[in-house]
Amino acid sequence: MAKVDLVLPGLESVRNSKFLTSLIKSKWTRLRIMDLSGNNFIRQPSTMFASDVRALPDLIARSTCLTDLVLSNNCLKHSGLRLRSILECRKTVECRQTLEHLRSLSLSNMSLSAEDFSFVAQLLDSCHSILHLDISRNCMCDRGALNLARGLKSCRQLVSLDMGGSCCKHNIIRSHVLEKVLVALSHCKSLERLSISYSTLNCSDFF
């Protein structure tokens with residue numbers, strides 16, 4: 001059976017949310033790329049997320065060929081939810097087997113909290129197949145950067161890391177904290193691309 005891709009960016013309406021729900025509840029097991037970016041399903045709890053998106057971890061767990069997972073542009077900030085609740089299936093044997101093949105993880109512009117970055121660090125520590133990580137445009141602060149650094153220490157296979165901001169969403173990281181992130185990355189000899197653009201470095205500790 002051929003591997004298939006699920007690419008469904010930007011399904012924002014109630015009707016499309018129901019369509020997305022039916023897809024998440026599908027019995028597909030050969031998904032290779034799962035792109036659910038920009039769906040706003042997290043900000044529509046009455047239409048989809050509160051009940052049906054709980055099936056998303058099961059879909060991920062069943063997708064044993066999954067290499068690329070894109071959840072970008074789905075805001076967590078006011079949802080009361082954490083990244084862990086979306087990817088909680090990593091606790092199961094099936095999901096651990098799935099994540100062993102994951103090469104690219106995109107979590108850009110999701111308003112990730114410091115706790116979410118701690119979970120990302122745990123993923124990096126346990127999923128050594130991840131080569132490309134996009135956590136840009138999340139307004140990372142010191143605590144989030146420190147949490148991330150803990151996972152980067154054991155992430156020797158990473159090829160690209162985008163932790164940059166944007167003109168509207170700057171990171172605010174003190175220079176000594178960024179230094180710890182860079183020290184953690186020094187163990188990653190395979191790194192080819194690093195972005196820390198639009199980071200407002202607080203250098204007050206030097207003055």
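This passage describes cysteines, salt bridges and two buried residues in a predicted model.

Cysteine pairing was examined first. A disulfide is a covalent bond between the sulfur atoms of two cysteines. The model contains 0 disulfides. C139 takes part in none, and the nearest cysteine sulfur, that of C141, lies 9.5 Å away. A disulfide requires two cysteine sulfur atoms within 2.5 Å, so the distance of 9.5 Å from C139 to C141 does not qualify. C139 is partly exposed, at 41% relative accessibility. C155 is likewise in no disulfide. Its nearest cysteine sulfur belongs to C188, at 5.8 Å. That distance also fails the 2.5 Å cut-off, and therefore C155 and C188 are not counted as a pair. C155 is buried, with a relative accessible area of 1%.

Charged side chains were considered next. The structure holds 3 salt bridges. One of them joins R103 and D68, with an N to O distance of 3.8 Å. The cut-off for a salt bridge is 4 Å, so this pair is counted. R103 sits in the loop between α5 (93-99) and β4 (104-106). D68 belongs to strand β3, which covers residues 68-70. Because the two residues lie in these separate elements, the salt bridge ties together parts that are 35 residues apart in sequence. The surroundings of the two partners can be stated as well. R103 is partly exposed, at 41% relative accessibility. D68 is buried, at 18%. The limit for buried is under 20%, so D68 falls on the buried side of it.

Another salt bridge connects E115 with R143. Their closest N and O atoms are 2.9 Å apart. E115 is in helix α6 (residues 114-126), and R143 is in helix α7 (residues 142-152). The pair thus links distant parts of the chain, 28 residues apart. E115 is partly exposed, with a relative accessible area of 39%.

Helix α7 also supplies D142, whose side chain meets that of R174 in a salt bridge. The N to O distance here is 2.5 Å. R174 lies in strand β7 (residues 171-174). D142 and R174 are 32 residues apart, and their salt bridge links distant parts of the chain. D142 is buried, at 15% relative accessibility. R174 is partly exposed, at 38%.

Two further residues were examined for their contacts. N109 is found in the loop between β4 and α6. This loop residue is buried, with a relative accessible area of 16%. The side chain of N109 makes a polar contact with the side chain of N73, at 3.0 Å. Neighbours within four places in sequence are set aside in the contact list of N109. What remains is N73, N74, S136, R137, N138 and K169. N73 therefore appears both as a polar partner of N109, at a distance within the 3.5 Å limit, and in the contact list.

A121 lies in helix α6. A121 is buried, at 6% relative accessibility. With neighbours within four places in sequence again left aside, A121 is in contact with N147, L148 and G151. A121 and A145 are 24 residues apart in sequence. In space, their C-alpha atoms are 9.9 Å apart.

Conventions
Residues numbered from 1 in each chain as written. Predicted model: local features only at pLDDT ≥ 70, side-chain atom pairs only at ≥ 80, totals over all residues. Heavy atoms only, no water. Buried < 20%, exposed > 50% of the residue type's maximum accessible area, 1.4 Å probe, protein only. Helix = DSSP H or I, 4+ residues; strand = E, 2+ residues; numbered from the N terminus. Polar contact = N/O pair within 3.5 Å; in protein donor to acceptor, adjacent residues only side chain to side chain. Contact = heavy atoms within 4.5 Å.
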